[in-house]
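Student: I am new to this structure. Please take a close look at the cross-links, and then follow them out to the side chains that pair or pack around them.

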Amino acid sequence: SRVAEVHGGGDLLHLLKGSAKKQANWFDASVSQYDAYGRPKSPYPGNPAMLLHEGYQQQAVNSTLACQSSGCTATADLSFSQEGDLQNCKLSVKVKPTDFGGNKVVEFITVNDRTVSLNCQPPYSDCSEADKLTGLFDCVFEIDVQHLLSNRSLQLSAKISDGVNKSDCAYKGNLLYAVPQVTCLVGPVPGVAMNISDVLARPVATPIKLNQGLKSRKAA
């Protein structure tokens, strides 16, 4: 039915005209990402991708949170030393499964005294690969920490529960071993020349030649 066509993705204007034909974007949504001239559309305002066209570059810094005893607390600092405005900063914390499982957890992870994770439970490990940095578990995954930055830095703290105590499961002697990483878009430094080709680079697209289409219609 025509109602079904509308809800199924057909073009309402064409349906009202009586064609009842689905448009190209019903079959492949990617065609909607190009404008009428065949050029890739710009990101919507507020999209972080807009910053890339203004000379921002994505950069990441990481560190380690590590301590050796049951119930211990580890701290680490993450900071951006390079100048430039920081935007769209995201934090992830990956934890090495040591002696976790049951009620054995990472009790908390804080960033500049703000809690970002509570009672995170990495999976149980039989400790057979205790010496390998594999199977890292996301206790924090790409959360927005833009509002938590202080002087371009983040101070992290993490604590494991007292039950995490099997030394043969420790990674390099650490019952808590985690890798925090923050990724930001870093703006250009004022007064420093930029490579304009990097700023204006866009995907290659071939514009639609409208005049050829008109000629073919006249010839028909």
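**The cross-links and what surrounds them**

Tutor: Start with Cys139, which is buried at a relative accessible area of 13%. Keep in mind that this is a predicted model. The cut-off for buried is under 20% relative accessible area, so Cys139 falls below it at 13%. What does Cys139 bond to? Its partner is Cys120, and the two form a disulfide with an S to S distance of 1.9 Å. The torsion about this S-S bond is about -85 degrees, so the link of Cys120 and Cys139 is left-handed. This disulfide connects distant parts of the chain: Cys120 belongs to strand 6 (residues 114-120) and Cys139 to strand 7 (residues 137-144), 19 residues apart. Cys120 is buried as well, with a relative accessible area of 8%.

How many disulfides does a search of the whole structure find? The search finds four. Number the bonded cysteines in sequence order and the pairing reads 1-2, 3-8, 4-6, 5-7.

Now take the disulfide of Cys127 and Cys169. Their S to S distance is 1.5 Å. The torsion here is 60 degrees, and the link is right-handed. Where do the two ends sit? Cys127 is in the loop between strand 6 and strand 7, while Cys169 is in the loop between strand 8 (153-160) and strand 9 (176-186). The pair therefore ties together parts that lie 42 residues apart in sequence. Cys127 and Cys169 are both buried.

Next comes the disulfide of Cys67 and Cys72. The S to S distance is 1.9 Å. With 70 degrees about the S-S bond, the link of Cys67 and Cys72 is right-handed. Are its ends buried or exposed? Cys67 is buried, at a relative accessible area of 10%. Cys72 is buried too, at 9%.

Leave the cysteines and turn to the rings. There is one aromatic pair by the rule used. Tyr171 and Tyr177 have ring centres 4.8 Å apart and planes at 70 degrees, so the pair is edge-to-face. Why edge-to-face? Planes over 60 degrees apart earn that label, and these stand at 70 degrees. Both Tyr171 and Tyr177 are buried.

Now the packing. In soluble globular proteins, nonpolar side chains tend to be buried together. Here the largest nonpolar core has 33 residues. Which residues have the most contacts inside that core? They are Leu91, Val93, Val106 and Val182. Strand 2 (65-67), strand 3 (73-79), strand 4 (86-95), strand 5 (106-111), strand 7, strand 8 and strand 9 each supply at least two residues of this core. Look closely at Val182. Leaving out residues up to four places away in sequence, its contacts include Gln59, Ala60, Val61, Leu78, Phe80, Leu91 and Leu154. Cys89, Lys90 and Val145 are also among the residues Val182 touches.

Charged side chains pair up too. The count of salt bridges comes to three. One joins Lys94 and Asp138, at 2.8 Å from N to O. Lys94 lies in strand 4 and Asp138 in strand 7, so this pair ties together parts 44 residues apart in sequence. Both ends are partly exposed: Lys94 has a relative accessible area of 32%, and Asp138 has 31%.

Another salt bridge joins Lys159 and Glu107, with their closest N and O atoms 3.1 Å apart. Lys159 is in strand 8 and Glu107 in strand 5, 52 residues apart, and the pair links distant parts of the chain. The two ends fall in separate classes. Lys159 counts as buried, at 17% relative accessibility, whereas Glu107 is partly exposed, at 26%.

A further salt bridge joins Lys104 and Asp99. Their closest N and O atoms are 3.1 Å apart. Both Lys104 and Asp99 are buried.

To retrace the route, return to strand 7. Cys139 of strand 7 bonds to Cys120 of strand 6. Asp138 of strand 7 pairs with Lys94 of strand 4. Strand 7 also supplies at least two residues of the largest nonpolar core.

Technical notes: Residues are numbered from 1 along each chain as its sequence is written. This is a predicted model: local features need pLDDT of at least 70, side-chain atom pairs count only at pLDDT 80 or more; totals for chains, interfaces and linings use all residues. Side-chain values use heavy atoms; hydrogens and water are left out. A disulfide is a pair of cysteine sulfur atoms within 2.5 Å. Buried means under 20% relative accessible area, exposed over 50%, partly exposed in between (1.4 Å probe, protein chains only). Helices (H or I, at least four residues) and strands (E, at least two) are DSSP runs, numbered from the N terminus. Rings of Phe, Tyr and Trp (its six-membered ring) pair if their centres lie within 6.5 Å; planes under 30 degrees apart count as stacked, over 60 as edge-to-face and the rest as tilted. A nonpolar core is a set of buried Ala, Val, Leu, Ile, Met, Phe, Trp, Tyr and Cys residues joined through side-chain atoms within 4.5 Å. Contact means heavy atoms within 4.5 Å. A salt bridge is a side-chain nitrogen of Lys or Arg within 4 Å of a carboxyl oxygen of Asp or Glu.
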